[in-house]
Amino acid sequence: MTSAREKILDAYEESLTTVGVAATTLDAVARIAGVSKGGLIYHFPSKEALADALIERFTGMARTSADQLQGDAATTVRHFIEMSSSVGDELDTAWLAVMNLSRNGNQSATRAVLELERSWHDAILESTGSPLVAHMTKLLGDGLYHSTSFVSESRESLPEAAKLLPSDGEREAIIRTLLDLLDE
């Protein structure tokens with residue numbers, strides 16, 4: 001069963017990703033979480049405390065994500081590309097919420113996002129041994145994430161947007177091309 005604290009963090013994350021930082025109030029978060037404002041304040045006495053807790057939770061998810069990028073070069077590159085192609089999961093939702101905090105001047109959120117980016121890059125670099133392949137893999141993943149996010153949001157109204165994404169075969173060819181750079 002989800003604790004009240006986790007429900008509140010989930011509600012805060014939902015509000016940040018749907019209405020943004022400015023419209024996310026303690027009252028709104030309490031309403032979404034299904035708790036009283038007093039119950040929310042018991043766990044999080046301020047919006048800053050709520051933001052800090054969400055960033056801490058995101059940081060834990062980020063560590064787990066980076067830890068999953070271990071293995072040989074092919075496994076790591078493939079996993080990162082696949083991970084970058086998925087949207088709507090727990091890490092993605094947390095990422096969007098923390099990015100909203102960062103865009104609104106929360107330096108702790110900015111540091112958490114930068115640390116995740118750095119940890120992904122470093123894990124890819126450790127597995128591949130190539131700064132070029134690590135950088136290119138990271139950029140490819142960022143592009144796939146951006147395109148996948150766009151397509152996911154517009155799939156209903158614009159089905160042809162799905163044509164922007166590489167097929168499984170194309171994605172595999174891209175991974176092979178990246179790994180071929182290691183042999184040069």
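Select K138 to begin: with a relative accessibility of 6%, K138 counts as buried. The model in the viewer is a predicted one, and the stops below proceed from this lysine to other salt bridges, to a pair of helices, to helix α2 and finally to the whole chain.

**Stop 1: K138 and its partner**

Keep K138 displayed and add D142. The two side chains form a salt bridge in which the closest N and O atoms are 2.7 Å apart. Both residues belong to helix α8, which covers residues 131-154. They are separated by four residues, about one turn of the helix. D142 has a relative accessibility of 32% and therefore counts as partly exposed, as this value falls between the 20% and 50% limits. The bridge thus joins a buried lysine to a partly exposed aspartate. As a general point, side chains of opposite charge can pair when their charged atoms come close.

**Stop 2: R57 and D10**

The K138 pair lies within one helix; the next pair does not. Select R57 and D10, whose side chains meet in a salt bridge at 2.9 Å, N to O. R57 is part of helix α4, whereas D10 is part of helix α1 (residues 4-18), so this bridge ties together parts that are 47 residues apart in sequence. R57 counts as buried because its relative accessibility, 16%, is under 20%. D10 is partly exposed, with a relative accessible area of 37%.

Now add E6 and E13 to the selection. Together with D10 and R57, these residues are linked in a network of salt bridges.

**Stop 3: R78 and E172**

Select R78 and E172 next. Their closest N and O atoms are 2.4 Å apart, and the pair forms a salt bridge. R78 lies in helix α5 (residues 73-84) and E172 in helix α9 (residues 168-180), so that distant parts of the chain, 94 residues apart, are linked. How accessible are R78 and E172? R78 is partly exposed at a relative accessible area of 25%, and E172 also counts as partly exposed, at 25% relative accessibility. In total, the structure holds eight salt bridges, including the pairs visited at these stops.

**Stop 4: helices α4 and α7**

Return to the helix that carries R57 and display α4 (residues 47-67) together with α7 (residues 107-128). The axes of these helices come within 9 Å and cross at roughly 5°. Because that angle is under 35 degrees, α4 counts as roughly parallel to α7.

To view the contact itself, show the side chains on both helices. From α4, the contributing residues are I55, F58, T59, A62, S65 and A66. From α7, they are S108, A109, A112, V113, L116, S119, W120 and A123. Which classes of residue make up this contact of α4 with α7? There are 10 nonpolar and four polar residues, and no charged ones.

**Stop 5: helix α2 and I32**

Move to helix α2, residues 26-33, and select I32 within this helix. I32 is partly exposed, its relative accessible area being 34%. Leaving aside residues up to four places away in sequence, I32 touches A11, E14 and S15. For a distance across the model, add L69: I32 and L69 are 37 residues apart in sequence, and their C-alpha atoms lie 34 Å apart in space.

Which residues of α2 are buried? They are L26, A28, V29, A30 and A33. These buried residues pack against α1, α3 (37-43) and α4. Just after α2, select G34, which takes a positive phi of about 75°.

**Stop 6: the whole chain**

Finally, colour the chain by domain. The domain assignment gives domain 1 as 1-45 and domain 2 as 54-183. The C-alpha centres of the two domains lie 27 Å apart. Where they meet, eight residues of domain 1 are in contact with nine residues of domain 2.

Switch to a cartoon view to see the secondary structure, which comes to nine helices and zero strands. The C-alpha trace spans about 60 × 40 × 35 Å along its principal axes. Of the 184 residues in the protein, 41% are buried. Among contacts between residues at least 6 apart in sequence, 69% join residues at least 24 apart.

Terms used
Residues are numbered from 1 along each chain as its sequence is written. This is a predicted model: local features need pLDDT of at least 70, side-chain atom pairs count only at pLDDT 80 or more; totals for chains, interfaces and linings use all residues. Side-chain values use heavy atoms; hydrogens and water are left out. Axes are lines fitted to C-alpha atoms, for helices over the stretch in contact, and angles run from 0 to 180 degrees between N-to-C directions. Helices (H or I, at least four residues) and strands (E, at least two) are DSSP runs, numbered from the N terminus. Angles under 35 degrees count as roughly parallel, over 145 as roughly antiparallel, 65 to 115 as roughly perpendicular and the rest as oblique. Contact means heavy atoms within 4.5 Å. Ala, Val, Leu, Ile, Met, Phe, Trp, Tyr, Cys and Pro count as nonpolar, Asp, Glu, Lys and Arg as charged, and the others, Gly among them, as polar. A salt bridge is a side-chain nitrogen of Lys or Arg within 4 Å of a carboxyl oxygen of Asp or Glu. Buried means under 20% relative accessible area, exposed over 50%, partly exposed in between (1.4 Å probe, protein chains only). Domain bounds come from an automatic or database domain assignment.
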